[in-house]
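Visitor: I would like a close look at a single part of this model, the sheet. Please take me through how it is put together and what lies against it.

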Amino acid sequence: PSLPYPIRLEGPVCKGFGRGGKDLGCPTANLPDDSESVEAMRGKVDTGVYYGYAKVFPGEGSTMREEDAAVLPMVMSLGWNPYYKNERLTAEIHILHTFPSDFYGHQMKALVLGYIRPQLDYVSREALIEDIDMDKQVGLNCLAREGYTRFAQDEFFDVKP
Ligand code: ADP
Ligand code: MG
């Protein structure tokens, strides 16, 4: 059984577990482990690294800049969360964009469009960082292909969650 692309994800950006993320130069906005859209992937898709588009929505009375509340390329790591005895799926989204500040609590939507690679165990921090850089390039190349750029205009992103 598998889920067809695009896979639609949405939910509030929540606190992660501080592993990976900013200290690797790659902050990942986490969706709640128990959110419906993340749970829908259980048993239907492989863990690993995916690419697609994401959008962060401004909150009530938020002064978020237009360029930050846009549909942007992303790479997502989907894995079993060791903090919950590997019983929960965690979706962590790195948006390929420089934000002026954190956006915890904001609603986020993502369209997952394809798979890059399985999750690996890394022996060194350097090897991990190298692979993350490669993932970002692969993701951007995949999104630039004909038939994929149109997803940035998908009406899924027009509706605030
Ligand atoms: P956590 O363990 O709480 O997820 P991270 O080190 O992964 O911590 O940082 C994630 C947070 O960084 C996000 O929730 C978001 O608020 C912020 N952030 C800033 N820039 C980005 C970006 N380009 N992509 C994803 N998150 C970002
Ligand atoms: Mg994170």
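**The sheet and its surroundings**

Guide: In this predicted model, G79 stands opposite T90 in β5. That pair is a convenient place to enter the sheet. β4 covers residues 72–80, and 7 bridges join β4 to β5, the two running antiparallel. As a general matter, strands of a sheet pair through backbone hydrogen bonds, either parallel or antiparallel.

From β4 one can go on to β3, residues 48–56. Here too 7 bridges join the two strands, which run antiparallel. Within this pairing, Y51 has V75 of β4 as its bridge partner. β3 also pairs with β6, in the antiparallel sense and over 8 bridges. A54 has its bridge partner in β6, namely A110.

Put together, these pairings belong to an open sheet of 6 strands, in the order β1-β6-β3-β4-β5-β2, with antiparallel pairing. β1 and β2 are the edge strands, each pairing on one side only.

Next, the packing. The largest nonpolar core holds 27 residues, and those that touch the most other members are M74, M76, A91, I93, A110 and V112. At least two residues of this core come from each of β1, β3, β4, β5 and β6. β3 gives the largest share, 6 residues. In a regular strand the side chains alternate between the two faces of the sheet.

I93 deserves a separate word. Leaving aside residues up to four places away in sequence, I93 touches T28, A29, A54, M74, M76 and A110. Two of these contacts, A54 and A110, are the bridge partners already named in the pairing of β3 with β6. M74, M76 and A110 are again among the core members that touch the most others.

A helix also packs on the sheet: α2, residues 125–143, lies across β3, β4 and β6. Its direction is at about 125 degrees to β4.

Last comes the ligand. Around ligand 1 there are 18 residues, of which G16, G21, K22, P27 and D102 come nearest. The sheet takes part in this shell: β2, residues 29–30, and β5, residues 89–95, each supply at least two of its residues. By class, the shell has 8 nonpolar, 7 polar and 3 charged residues. β5 thus appears in several places in this account: in the pairing with β4, in the nonpolar core, and in the shell around ligand 1.

How values were computed:
Residues numbered from 1 in each chain as written. Chains lettered and ligands numbered in written order. Predicted model: local features only at pLDDT ≥ 70, side-chain atom pairs only at ≥ 80, totals over all residues. Near = placed C-beta within 6 Å. Helix = DSSP H or I, 4+ residues; strand = E, 2+ residues; numbered from the N terminus. Nonpolar A, V, L, I, M, F, W, Y, C, P; charged D, E, K, R; others polar. Core = buried A, V, L, I, M, F, W, Y, C linked by C-beta atoms within 7 Å. Buried ≥ 20, exposed ≤ 12 C-beta atoms within 10 Å, placed from the backbone. Contact = placed C-beta atoms within 7 Å. Pairing = 2+ DSSP bridges. Axes fitted to C-alpha atoms, helices over the stretch in contact; angles between N-to-C directions.
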